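Q: I would like a close look at a single part of this protein. Please take the aromatic residues, then work outward to their surroundings.

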Amino acid sequence: MMADWSRSVDVERLADHGDAVAFDVALAEFPRLRAQLASGEGRARGRVELSRERGVAMAQVVVQASLPLVCQRCLRPVHVEVESESRVALVADFAAADRLDSDVEPVMLEEGRVVLRDLVEEELLLAVPLVPRHEQETECGLAPAAEAVGNPVNEEPENDPEPPVTQKPFAGLGELLKRGP
Ligand SMILES: [Zn+2]
């Protein structure tokens, strides 16, 4: 079923079969989401279940991911955990959308088809905070340089209570030389 992931699929057929498509894909495969990420690293996992309710094709979208976003306070990566489950109605036109219960979100089909990846991407995009930031002040701005994306930051944070141990590879060399053979 993964072959159908990024191509449009016939919704009516899937809904009639009650098909479920499980996915485990790289975040880099979501083009619109990717533009908002600090990196394309990480994966999204979950499933899309198609069914029919009162004649309407429905999709249950379950997705779990850890999104590497950019903290808007310190501009370093911050991971936002997403665990989302939602139900959308797949409808052909506005008239069909109007007939839905108010708590069901409609998704417009194009000629009866939808791209399952786009349904999942929509869920992930909705989960992206307007202003991503580290929740803990202590984490903000202090992420290890190794986690910084693109350009590693070298400056030490001010007033660091525990400065990192500096490696001095030649510190013991003098002693060794004095001892001699
Ligand atoms: Zn931060």
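How many aromatic pairs does the count come to?

A: The count comes to two aromatic pairs. Keep in mind that this is a predicted model.

Start with W5 and F30. Their ring centres are 6.1 Å apart and their planes meet at 80°. Planes over 60 degrees apart count as edge-to-face, so this pair is edge-to-face. W5 sits in the segment before β1 (8-10). F30 sits in the loop between β2 and α2 (31-34). The pair therefore ties together parts that are 25 residues apart in sequence.

Both rings belong to buried residues. The cut-off for buried is under 20% relative accessible area. W5 has 3%, so W5 is buried. F30 has 0%, so F30 is buried too. F23 joins W5 and F30 in one aromatic cluster.

Now the chain around the cluster. The protein chain has five helices and seven strands. Along the sequence they follow the pattern β-α-β-α-β-β-β-α-β-β-α-α. Of the 181 residues in the chain, 34% are buried. Long-range contacts are well represented: among contacts with a separation of 6 or more, 58% link residues 24 or more positions apart.

Next, the strands. β2 pairs with β3 in the antiparallel sense, over seven bridges. In that pairing, A22 stands opposite R47 in β3. β3 also runs antiparallel to β4, and 10 bridges join them. One of the partnerships there is E53 with V56 in β4. β3 and β4 form a hairpin with two residues between them. R54 lies in the turn and has a positive phi of about 45°.

Then the nonpolar interior. The largest nonpolar core has 37 residues, and within it L67 and L124 touch the most other members. Elements giving two or more residues to this core are α1 (11-17), β2 (20-26), β3 (43-53), β4, β5 and α4. β4 gives the most, with seven residues. Take L67 on its own. Leaving out residues up to four places away in sequence, L67 touches L27, L33, L37, V78, H79, V80, V82, L124 and V128. There is also a second, separate core of seven residues, including A89, A97, L100 and V104.

Last, the metal site. The zinc ion has four protein donors: C71 (SG), C74 (SG), H134 (ND1) and C140 (SG). These lie 2.0 to 2.3 Å from the ion. The angles between the donor atoms run from 104 to 122°, which makes the arrangement tetrahedral. For reference, the ideal angle for four tetrahedral donors is 109.5 degrees. In sequence the donor residues are spaced C-x2-C-x59-H-x5-C. C71 and H134 link distant parts of the chain, 63 residues apart. C71 is in the loop between β4 (56-70) and β5 (77-91). H134 is in the loop between α4 (116-127) and α5 (173-179). Both C71 and H134 are buried.

To recap: W5 and F30 make an edge-to-face pair, and with F23 they form one cluster. L67 and L124 touch the most other members of the largest core. The zinc ion is held by C71, C74, H134 and C140 as its protein donors.

Note on methods: Residues are numbered from 1 along each chain as its sequence is written. This is a predicted model: local features need pLDDT of at least 70, side-chain atom pairs count only at pLDDT 80 or more; totals for chains, interfaces and linings use all residues. Side-chain values use heavy atoms; hydrogens and water are left out. Donors are N, O and S atoms within 2.8 Å of the metal (3.2 Å for Na, K and Ca); water is not among the atoms, so sites may look incomplete. Four donors count as tetrahedral if all angles lie between 85 and 135 degrees; four count as square planar and six as octahedral if opposite donors are over 155 degrees apart and all others between 65 and 115; anything else is irregular. Helices (H or I, at least four residues) and strands (E, at least two) are DSSP runs, numbered from the N terminus. Buried means under 20% relative accessible area, exposed over 50%, partly exposed in between (1.4 Å probe, protein chains only). A nonpolar core is a set of buried Ala, Val, Leu, Ile, Met, Phe, Trp, Tyr and Cys residues joined through side-chain atoms within 4.5 Å. Contact means heavy atoms within 4.5 Å. Two strands pair if DSSP finds at least two bridges between them. Rings of Phe, Tyr and Trp (its six-membered ring) pair if their centres lie within 6.5 Å; planes under 30 degrees apart count as stacked, over 60 as edge-to-face and the rest as tilted.
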